[in-house]
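This report concerns a predicted model. It takes up a sheet and its helices, then turns to two helices in detail.

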Amino acid sequence: MIEDNETIDEFLARHASDVEEAIRKAAATEIMPRFRQLAAHEVDQKSGPHDLVTDADRKAELYLTEALPALLPGSVVVGEEAVHANPASYEALQGEAPVWIVDPVDGTRQFVRGEPGFCTLVALAQGGVLLASWTYAPALDRLAVAIRGRGATLDGEPLRAGSPEPGRDLDIATSHPDYTTEEQKRALLGLWTDGVSPRACGSAGLEYLAIAEGNLDAVAFSWEAAWDHAAGLLLVEEAGGAHLTLSGVPFRITGGNALPFTASRDAATARRVVGLLAGGAA
């Protein structure tokens, strides 16, 4: 628990492992017992057939909504399922209190299909600035952690995104067409060109991790939901990567971004991807 007069940086230095433990316990208690064990009544649709929620999502978020503010009194939680129930709760991102941004099961479609490509995403932000993030893939037993100014690690080992190999096609994961407007579709079509190999994305959190590992060159996404992006954006940054919106400025978790946007292994790749997106939108 944060002590009197302790700064957020001091809190993270002392308690990042406690946050990790809370995330692992949420997964062990509420997610993994339901993996490949879901009954039909434990899966619901939200906005459509590609937007699913399960009892694992709901219960893991409730677990973290209790555990995380207990570690950092005065903090609040912005969770995907709570915002679905009460959209006004998203406005906490605009405030000054520390905010835990939680996606309990990122990659719910994969989870429902019994595939291991899902993760739990947690980020800590204050005043719109990302301070720390945790990306935990429980079925793969992989944990990536990023703390602003202190780098990124995967299972305790440093992560460096590096740069794409010169002359090789860029591997880019892109938004699912169901989540794009006609204008965004045109922008994304700019990636269908020589020197680029685009594909549909899976779990956003795991795509960001792939960039931080140097196994994916970039993503091009067309939606803003902070719980999908916050953890991964800081992970990519701290691994040496960069992110830019269509207007050429970094993505803001508080919203109002020009979409689509990219996160990439390095700044030069981010600029190249935005140029292609702008060309498609023109």
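## The open sheet

In this predicted model, 5 strands make up an open sheet with mixed pairing, ordered β11-β10-β12-β14-β13. The edges are taken by β11 (196-200) and β13, each of which has a single partner strand, so one side of each is left without a neighbour in the sheet. On average, and with direction ignored, neighbouring strands are turned by 20° against each other.

The pairing of β13 with β14 is antiparallel and extends over 4 bridges; T245 is found opposite F261 in β14.

## Helices on the sheet

Helix α6 (residues 204-213) packs on the sheet, where it touches β10, β11, β12 and β14, and its direction makes about 145° with that of β12. Helix α7 (residues 226-238) lies across β12, β13 and β14, and runs at about 45° to β14.

Helix α8 (residues 267-281), with 15 residues, reaches 21 Å from its first C-alpha to its last, close to the 21 Å expected at 1.5 Å a residue. Its buried residues are T269, A270, V273, V274, L277 and G280; seen down the axis of α8, they fall within an arc of 135°, so they line one face of the helix. Their packing partners are β10 (170-174), α5 (182-189), β12 (218-221), β13 (242-245) and β14 (261-264).

## The bent helix α1

Helix α1 (residues 8-31) has 24 residues, yet its end C-alpha atoms are only 29 Å apart, short of the 34 Å that a straight helix would reach at 1.5 Å a residue. A bend of about 65° is found in α1 at H15, and H15 is itself among the buried residues of this helix, which also include F11, L12 and V19. The buried residues of α1 pack against several elements, including α2 (55-71), β4 (99-106) and β6 (129-137).

Notes
Residues are numbered from 1 along each chain as its sequence is written. This is a predicted model: local features need pLDDT of at least 70, side-chain atom pairs count only at pLDDT 80 or more; totals for chains, interfaces and linings use all residues. Side-chain values use heavy atoms; hydrogens and water are left out. Helices (H or I, at least four residues) and strands (E, at least two) are DSSP runs, numbered from the N terminus. The expected span of a helix is 1.5 Å times one less than its number of residues. The bend at a residue is the angle between axes fitted to the seven residues ending there and the seven starting there. Buried means under 20% relative accessible area, exposed over 50%, partly exposed in between (1.4 Å probe, protein chains only). Contact means heavy atoms within 4.5 Å. The arc is that of the directions from the helix axis to the C-beta atoms. Two strands pair if DSSP finds at least two bridges between them. Axes are lines fitted to C-alpha atoms, for helices over the stretch in contact, and angles run from 0 to 180 degrees between N-to-C directions.
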